[in-house]
Amino acid sequence: MNAIATMDEPLVRFAGVRKSYDGSTLVVKELDLEIARGEFLTLLGPSGSGKTTMLMMLAGFEPPTTGRITLGGRDITALPPHKRGIGMVFQNYALFPHMTVAENVAYPLNVRGVAAREAGRRVEAALAMVKLSGLGDRRPAQLSGGQQQRVALARALVFEPELILLDEPLGALDKQLRERMQVELKLLHERLGITMVYVTHDQSEALTMSDRIAVFNDGRIQQLAAPVELYERPANAFVAGFIGENNRLSGTVVESRGDLAVVEVADGRHVVATPAQPLSIGDRASLSIRPERLLLGDAPADNRFSCTVDRLVYLGDVLRLVVRFAGEEELVLKVGSRTLAESFPRDAQIEVGWAAADCLAFAAPEGR
């Protein structure tokens, strides 16, 4: 007998889920995850990290090798996709080219036996939600890429599912349209209060849209947190390197100063850092410093070094300044684009500093 769902329990629960395609290699390893009702959860990670496989198991297109998946307190582990009541939006839209926009959107209602008049009302409402009112008689080929993606979204919304899964839905759009669709999709989510699980490899997309982000690597969730926490307090060196841009330095812990660690890096320079993981003297460490946290000149800083200007790239809103720190090590700084580029001629010596709180020290990955 299925448990009765309550508003306080998670809408989705993965318990001990694993997935192997060949019987030996696990592409998803011991997945335990709860997704709250009304949440916008993004699954983020590089190709082959397990994020899409997790989405396909939730949709019902792939069975888990072991473990259990529940939706609203109901075990759906072995339930076929069409009986799960989950909306799905794909990157390639998956629209029927021979059908009109309205017919595409109505398709989920037709297979569920919804009466024609009710189906028509719902289709009009769904198209209005995605700002496509009046385009129901067009064919998909007569629409832009962004409009086609809206049709796919309307089709996922029209039967009023508890959950919508989105698999890289904006990946085929150009940069400006993708950014506009990110805002529209998030506003739609907030207005409807529907639960959305979104797969992407685009970190800026994840940071922009999500309530929480699950960062995947090697079949495991490395960290599950709100965007600000992921960016400011990454759990390990992989998350620090994958979320946002980072300067990476490696060295050996040579001293402990209360809550801080001193790490000897290239050319014997000592960097004061904040351990993000337990570290002991003699441990190899990987340091992460965001480009926007680096300071020029004599601003107060726990670390200050003389560096050599290597190159400067104008990016419109910022100048990307690359300096030689020590030996082969480089540091990237981001400074306001109003700063005069002439202030940083190649091979010029400049002072670069940063706070210990902005320099996180992690246990170095093996081989580093």
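Student: What makes Gln176, Glu190 and Arg191 count as exposed on helix H5?

Tutor: A residue is called exposed when its relative accessible area is over 50%, buried when that area is under 20%, and partly exposed in between, with a 1.4 Å probe and protein chains only. Gln176, Glu190 and Arg191 fall in the exposed class, and they sit on the other side of H5 from its buried residues. The model is a predicted one, in which local features need pLDDT of at least 70 and side-chain atom pairs count only at pLDDT 80 or more, while totals for chains, interfaces and linings use all residues. Residues are numbered from 1 along each chain as its sequence is written, and side-chain values use heavy atoms, with hydrogens and water left out.

Student: Why is H5 called a helix, and how does its reach compare with what is expected?

Tutor: Helices (H or I, at least four residues) and strands (E, at least two) are DSSP runs numbered from the N terminus. H5 covers residues 175-192, which is 18 residues, so it passes the minimum of four for a helix. The expected span of a helix is 1.5 Å times one less than its number of residues, and H5 reaches 26 Å from its first C-alpha to its last, close to the 26 Å expected.

Student: Which residues of H5 are buried, and how do you know where they lie around the axis?

Tutor: Leu177, Arg178, Met181, Gln182, Leu185, Lys186, Leu188 and His189 are the buried ones. They cover an arc of only 165 degrees around the axis, taken from the directions from the helix axis to the C-beta atoms, and therefore they are on the same side of H5. An α-helix has 3.6 residues a turn, so residues three or four places apart point the same way. Among the elements against which the buried residues of H5 pack are strand S3 (40-44), helix H3 (116-129) and strand S7 (163-167).

Student: What makes the approach of aspartate 174 to glutamine 176 a polar contact?

Tutor: A polar contact is a pair of N or O atoms within 3.5 Å; within protein, one must be able to donate a hydrogen and the other to accept it, and residues adjacent in sequence count only if both atoms are side-chain atoms. At the start of H5, a side-chain oxygen of aspartate 174 comes to within 3.3 Å of the backbone nitrogen of glutamine 176, so the pair is inside the limit of 3.5 Å.

Student: Why are aspartate 211 and lysine 186 said to form a salt bridge?

Tutor: A salt bridge is a side-chain nitrogen of Lys or Arg within 4 Å of a carboxyl oxygen of Asp or Glu. For aspartate 211 and lysine 186 the distance from N to O is 3.3 Å, so the pair meets the definition. Aspartate 211 lies in the loop between H6 and strand S9 (212-217) and lysine 186 in helix H5, so the pair ties together parts that are 25 residues apart in sequence. Lysine 186, at 13% relative accessible area, is buried, whereas aspartate 211, at 33%, is partly exposed.

Student: How many salt bridges are there in the whole structure, and what joins some of them into a network?

Tutor: A search of the whole structure finds 23. One of them pairs aspartate 310 with arginine 311 at 2.5 Å, N to O. Salt bridges that share partners join Asp310, Arg311, Arg324, Glu330, Arg346 and Asp347 into one network.

Student: How do you know that aspartate 167 lacks a salt bridge?

Tutor: Lys and Arg count as positive and Asp and Glu as negative, while His and the chain ends are not counted. The nearest side chain of opposite charge to aspartate 167 is lysine 51, which is 7.5 Å away, so the pair is outside the 4 Å limit. Aspartate 167, found in strand S7, is nonetheless buried. Its contacts, meaning heavy atoms within 4.5 Å, include Thr52, Leu55 and Met56, leaving aside neighbours within four places in sequence.

Student: Why is asparagine 247 called buried, and what does its side chain meet?

Tutor: Asparagine 247 has 4% relative accessibility, and because this is under 20% it counts as buried. Its place is in strand S11 (residues 247-257), and a polar atom of its side chain lies 2.6 Å from the backbone nitrogen of valine 332.

Student: What puts phenylalanine 159 in the buried class, and what is it in contact with?

Tutor: Its relative accessible area is 13%, so phenylalanine 159 is buried. Leaving aside neighbours within four places in sequence, phenylalanine 159 is in contact with residues including Gly85, Pro108 and Arg122.
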